[in-house]
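Colleague: This one is new to me, so please walk me through it. I'll ask as we go.

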Amino acid sequence: MAKTKSKEKQGSEFYENPEVLAQQLSKTEEFIENNKKIVFGLGGVIALIIVAFFGYRYYMNNLNQEAQKEMFQAVYWYENGEYDLALNGDGNNFGFLAIVEDYGATDAGNLASFYLGNIYLKQGQFETAIDYLEDFSSDDLLVQARAYALIGDAYMELGNYSTAADQYGKAADYKSNKEFSPVYLMKQGLAYEKANDLEAAIGSYRKVVEDFSDSKQKTEAQKYLSRLEAQK
């Protein structure tokens, strides 16, 4: 207790006694004077880091805005089913491939990878589709889950059913919700069935029935569940 009081007293003297405070300031000034190179060197490094950080953010924001403008026409082509133009552009406007190449580090470039994965999947180039979809990442509830599901679709087409089931599971679990998770779980169940993993398929269908009992997929899941349980 005495030691605590002593420390409190010392702290009080530091703030209340002008002479003590002056001594501490003097020591600080002396340290800076004797270590100018270190102090100002560190200050310069910190300043450079701050300038570089905000400079990079400003540059990336501008680059992203530029990429979004360039991507507008490619999205229009995609939505109208003109996939070759959406991929390669028309000589005046960029396609998604050029956007990924020139603006790959931006948010727009990231989204272009998602579009590319969609297009290549539609065109039957499943491995290329997987590459682009795996390059894509987002915090968005719908789009990231959709990307996982599309990767699952590509693996289904390639006959790799177990990996497809894993991807559908990631889609179902990503920010799980009653609108889309049951859809992905049904796809996962089918993938497990094709992989001859009936127990895992039962687990997928049962999850729809038990965890998403108010979903549109519940009735269908019950039918599939009854069919598989009868085979056991």
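Colleague: Let's start with the outside: what share of the area that the protein chain exposes comes from carbon and sulfur atoms?
Modeller: Accessible areas here come from the Shrake-Rupley method with a 1.4 Å probe, and for residues only the protein chains shown count as cover. The chain exposes about 14,700 Å². The part of that supplied by carbon and sulfur is 51%.

Colleague: Before I go on, what should I know about the model, and how many helices does the protein chain have?
Modeller: It's a predicted model, where local features need pLDDT of at least 70 and side-chain atom pairs need pLDDT 80 or more, while totals for chains, interfaces and linings use all residues. Residues are numbered from 1 along each chain as its sequence is written, and side-chain values use heavy atoms, leaving out hydrogens and water. Helices (H or I, at least four residues) and strands (E, at least two) are DSSP runs numbered from the N terminus. The chain has zero strands, and its helix count is twelve.

Colleague: How much of the protein chain is buried?
Modeller: Buried means under 20% relative accessible area, exposed means over 50%, and partly exposed is in between (1.4 Å probe, protein chains only). Of the 232 residues, the buried share is 34%.

Colleague: Which helix gives the most to the largest nonpolar core?
Modeller: A nonpolar core is a set of buried Ala, Val, Leu, Ile, Met, Phe, Trp, Tyr and Cys residues joined through side-chain atoms within 4.5 Å. The largest one has 54 residues, and Met71, Phe96, Ile99 and Tyr205 touch the most other members. With nine residues, the top contributor is helix H8 (residues 141-157).

Colleague: And which helices do the buried residues of H7 pack against?
Modeller: Helix H7 spans residues 126-135, and its buried residues are Phe126, Ala129, Ile130, Tyr132 and Leu133. Contact means heavy atoms within 4.5 Å. The packing partners are helix H5 (96-103), helix H6 (107-122) and H8.

Colleague: Is Gln167 buried or exposed, and which residues does Gln167 contact beyond its neighbours within four places in sequence?
Modeller: Gln167 sits in helix H9. With 9% relative accessibility, Gln167 counts as buried. Leaving aside those sequence neighbours, its contacts are Tyr148, Ile151, Gly152 and Tyr155.

Colleague: How far apart in sequence are the parts that Lys187 and Asp153 tie together?
Modeller: A salt bridge is a side-chain nitrogen of Lys or Arg within 4 Å of a carboxyl oxygen of Asp or Glu. The Lys187 and Asp153 side chains form one at 3.0 Å, N to O. Lys187 belongs to helix H10 and Asp153 to helix H8, so the distance along the sequence is 34 residues.

Colleague: Which helices do Glu193 and Arg227 lie in?
Modeller: Glu193 and Arg227 form a salt bridge, with their closest N and O atoms 3.0 Å apart. Glu193 is in helix H10, while Arg227 is in helix H12 (residues 218-231). So the pair ties together H10 and H12.

Colleague: What is the N to O distance between Arg206 and Glu229?
Modeller: Arg206 is partly exposed at 33% relative accessible area, and Glu229 is partly exposed at 36%. Their side chains meet in a salt bridge, and the N to O distance is 2.6 Å.
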